[in-house]
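Here is a short set of exercises to work through with the model open in your viewer. Try each task before you read its solution.

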Amino acid sequence: MRPDRRRLDGYLRHVNEEMQTAKLASEVWLRSAPGHLVAENDRFVRSLVRSALPRGGPGPDALGPLLDDPAALRSYYWQRVTRAKPMAVHFGAADHDELDDYFTVSAERSTFAAMARARATIAPDSPAGHLLRGIDRRTEPGTSPAESCRQVLHLLSTHWRDLVGQCRGGPDGVCPGVGTVLAAFDEALASGRLRSRGPRSGPDAPPPADARSGDTDARRRDSGVRPTDTDARTSDSDGRPTHGDARLTEAEVGELARLYLLGRLCFSDEELRLAQRLARRPRLQYALLATHLRLVADASATAARLVAAWGTTRVLLPFTEAYVNRTGYRSPVIDLSPNPKLVTVLCHNVLPAVAGELIHRGADEDALDSDVLAAGVEAAIRRGVFSITVGLFHRTGPPDAVRLSGFSRRVCPAATPFARHCTQWLPSYFDRWPGSPARPGRPRACPAYPAC
């Protein structure tokens, strides 16, 4: 992409190293950028990621003879990780002493466990309690609470400004509490007065337009997906309160944020138990490590061109989930190493979707093959593991005083190129496992992603 220093400066002003690590920085730091700047930064990062992550395809494999020796591949990966582990830990990786510890699938991430925690910890009359009732109301037999959460958050973000205006009682009214606004929202849901104006979602819905291919305004208009569900007018450019604001406490922020994270916790207990067994299989671990190393190797030349064009290694900050610069982001030296956090991210978000594909086919882990892996990557995107609607929270000055100006639908900017990379190389390396009678490894077509 052509360098635009103003856009980069805007990104760096609102997303520093700490906030980049805490993806939901609004909840952690209580200082979100205004809605229109969030949307602008999202568009910038998506265009940056699309231009920088490799598109894949035939060509020489930088891993070479390592692919013929799984033990050597593991050793090489771990050497690359340990030389830059302090930087990787700074950007969200666990500080494990053994590579095997990164191959983990937590049972606490199941939909059932998340709902149980919510019911045990959320007061019925709290803001999160009102939202939980709305989620329960939308959850019919056969519907996942995670899908209901996404539907409810979409409705809430769409109607937020109108609901705040109604609770305020006019332009000169008092800023309402978030609990009051969400109680009105719950009542409107119960009466059926709210209607979704956005795209269909759910396990059988197509991925969002900005997660499938380009980020053009025309495509978003056609699909009904906006870069952010927050009305850009909900806060001024300097973050001062406007008529789209409602107030709450820091404790209520924590409850609300934990509840809407349910939108990403879409897997059943059975899927997670099977995913735990899959994560321990050496052949699948080999494929995951090789896919990650291939990503870093293919990205190195692009990263060098990107830094040369923009004049700073800080332009690489959006890629810290996949790789880190060992020398840091103030140094002009580029020395990329894999961030092992990505292995855990894949175990948490892709392997349960792979398990779901096996369960759907009535098969166990011994039936895992490259076709199931490819289907699992596509299912993970379809089930919404790389997108979430979050609140835009702002600390207002006095202790424990916070305002909520609206909601922003966040789609991982790397969803399309990363899913494309995994769809091509994860099944290919799974087939490449030494001694396997399966098909020889090769890049795969990715029909689910028209931009390929």
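**Exercise 1. In which helix is Ser 47 found? Work out its surroundings too.**

First, some ground rules: this is a predicted model, where local features need pLDDT of at least 70, side-chain atom pairs count only at pLDDT 80 or more, and totals for chains, interfaces and linings use all residues. Residues are numbered from 1 along each chain as its sequence is written, and side-chain values use heavy atoms, with hydrogens and water left out.

Step 1. Ser 47 is found in helix H4, residues 35–52. Helices (H or I, at least four residues) and strands (E, at least two) are DSSP runs, numbered from the N terminus.

Step 2. With a relative accessible area of 15%, Ser 47 is buried. The cut-offs are under 20% for buried, over 50% for exposed and partly exposed in between, using a 1.4 Å probe and protein chains only.

Step 3. Look for a partner of the side chain: a polar atom of Ser 47 lies 2.7 Å from the backbone oxygen of Phe 44.

**Exercise 2. Find the aromatic pair that Phe 44 forms, and then look at the pair of Phe 91 and Tyr 329.**

Step 1. A pair of aromatic rings is described by the distance of the centres and the angle of the planes. Rings of Phe, Tyr and Trp (its six-membered ring) pair if their centres lie within 6.5 Å; planes under 30 degrees apart are stacked, over 60 edge-to-face, and the rest tilted.

Step 2. The structure holds 7 aromatic pairs. One of them is Phe 44 with Trp 310, edge-to-face at 5.7 Å centre to centre and 80° between the planes. This pair links distant parts of the chain, 266 residues apart, with Phe 44 in H4 and Trp 310 in helix H15 (residues 282–310).

Step 3. Check the burial: Phe 44 is buried at 1% relative accessibility, and Trp 310 is buried at 5%.

Step 4. Now take Phe 91 and Tyr 329: their ring centres are 5.5 Å apart and the planes stand at 80°, so this pair is edge-to-face. Phe 91 lies in the loop between helix H6 (85–90) and helix H7 (111–121), and Tyr 329 in the loop between strand E2 (323–325) and strand E3 (336–338), so the pair ties together parts 238 residues apart in sequence. Phe 91 and Tyr 329 are both buried.

**Exercise 3. Describe how Val 81 and Ser 337 are placed relative to each other, in sequence and in space.**

Step 1. Val 81 is found in helix H5 (residues 70–82), while Ser 337 lies in strand E3.

Step 2. They are 256 residues apart in sequence, yet 6.1 Å apart in space, C-alpha to C-alpha.

Step 3. Val 81 is buried at 0% relative accessibility, and Ser 337 is buried at 0% as well.

Step 4. List the neighbours, leaving out residues up to four places away in sequence: Val 81 touches Pro 338 and Pro 340, whereas those touched by Ser 337 include Arg 80, Ala 84 and Tyr 323. Contact means heavy atoms within 4.5 Å.

Step 5. The side chains of Ser 337 and Arg 83 are joined by a polar contact of 3.0 Å. That term needs a pair of N or O atoms within 3.5 Å; within protein, one must be able to donate a hydrogen and the other to accept it, and residues adjacent in sequence count only if both atoms are side-chain atoms.

**Exercise 4. How many residues of strand E4 are buried, and how does E4 pair with E5?**

Step 1. In E4 (residues 387–395), 8 of the 9 residues are buried, so the strand is largely enclosed by the rest of the structure.

Step 2. E4 and E5 (residues 402–411) run antiparallel, joined by 8 bridges; strands pair if DSSP finds at least two bridges between them. Thr 389, for example, has Arg 409 as its bridge partner in E5.

Step 3. The two strands form a hairpin with 6 residues between them, and Gly 397 in the turn has a positive phi of about 130°.

**Exercise 5. Which helices do the buried residues of H17 pack against?**

Step 1. H17 (residues 351–360) is mostly covered, with 8 of its 10 residues buried. Among them are Leu 351, Val 354 and Leu 358.

Step 2. These buried residues pack against helix H14 (269–279), H15, helix H16 (341–349) and helix H18 (370–382).

Step 3. After H17 comes Gly 362, with a positive phi near 70°.
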